[in-house]
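This briefing introduces one structure to a reader who has not seen it before. It begins with the overall sheet and then turns to selected details.

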Amino acid sequence: LVLRTHGAPHLRIQPSDVLVGGTFPINASIVAGSSSNFVGGATQVRGATISGGGAPEGDSDPAPEVVGEGPNRVSDHYGTVGGGINNLAGNGSGGSGDAVFATVGGGSGNIAGGRYSVVGGGIGNYATGVGGMVAGGTSNGASGDNSIAVGGSLNCAGGTHSWAAGSRAKARPGS
């Protein structure tokens, strides 16, 4: 099902290719916002949600406070992007089951690339460890499993169960 506004597809409901009893899709993915937002990769992604935001590559947003352009994407099963611009839930590796349940709340240029990972918002943050979390801020990373970078800027929680906050804090820096 595709709903269009001024001819552009701004809301899509994509059924799963996994069928219940061989009859109907087990669930669907919801893709809203920019017509360039997408769910999928080399294999079909199921149960994903993009609530809005995004922009086509090369688009110039007239608002000067908007940094970075690009669509929002979900590359792994049951991932979510709430909004913002140029965000990725999943690791984009081509497989759709290795970074399941990844979530980006919003912001710009954020990646929740680990299983069960979360990036709340901000700009240029990444959570690649299993269960890793970045609350927000700028250029923070949670690359260790079950690690958290609270906010601020340029922090790295790279060790398992590590925590970093403030500015340039490093807890067993990851790659």
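In this predicted model, ten strands make up an open sheet with mixed pairing. Their order across the sheet is S1-S2-S5-S7-S9-S11-S13-S15-S17-S19. The edges are formed by S1 (2-5) and S19 (163-164); each has a single partner strand, so one side of each is left without a neighbour in the sheet.

**The edge at S1**

- S1 runs antiparallel to S2, and four bridges join the two strands.
- Within this pair, Leu3 stands opposite Leu11 in S2.
- S1 and S2 form a hairpin, with two residues between the strands.
- His6 lies in the turn of this hairpin and has a positive phi of about 50°.

**The edge at S19**

- S19 runs parallel to S17 (residues 148-149), and two bridges join them.
- Ala149 stands opposite Ala164 in S19.

**Ser16, in the loop after S2**

- The loop that holds Ser16 lies between strand S2 (8-15) and strand S3 (19-20).
- Ser16 has a relative accessible area of 5%, and buried means under 20%, so Ser16 counts as buried.
- Its side chain makes a polar contact with the backbone nitrogen of Val18, at 2.9 Å.
- Leaving aside residues up to four places away in sequence, Ser16 touches Pro25, Ile26, Asn27, Ala28, Gln44 and Arg46.

Terms used. Residues are numbered from 1 along each chain as its sequence is written. This is a predicted model: local features need pLDDT of at least 70, side-chain atom pairs count only at pLDDT 80 or more; totals for chains, interfaces and linings use all residues. Side-chain values use heavy atoms; hydrogens and water are left out. Two strands pair if DSSP finds at least two bridges between them. Buried means under 20% relative accessible area, exposed over 50%, partly exposed in between (1.4 Å probe, protein chains only). A polar contact is a pair of N or O atoms within 3.5 Å; within protein, one must be able to donate a hydrogen and the other to accept it, and residues adjacent in sequence count only if both atoms are side-chain atoms. Contact means heavy atoms within 4.5 Å.
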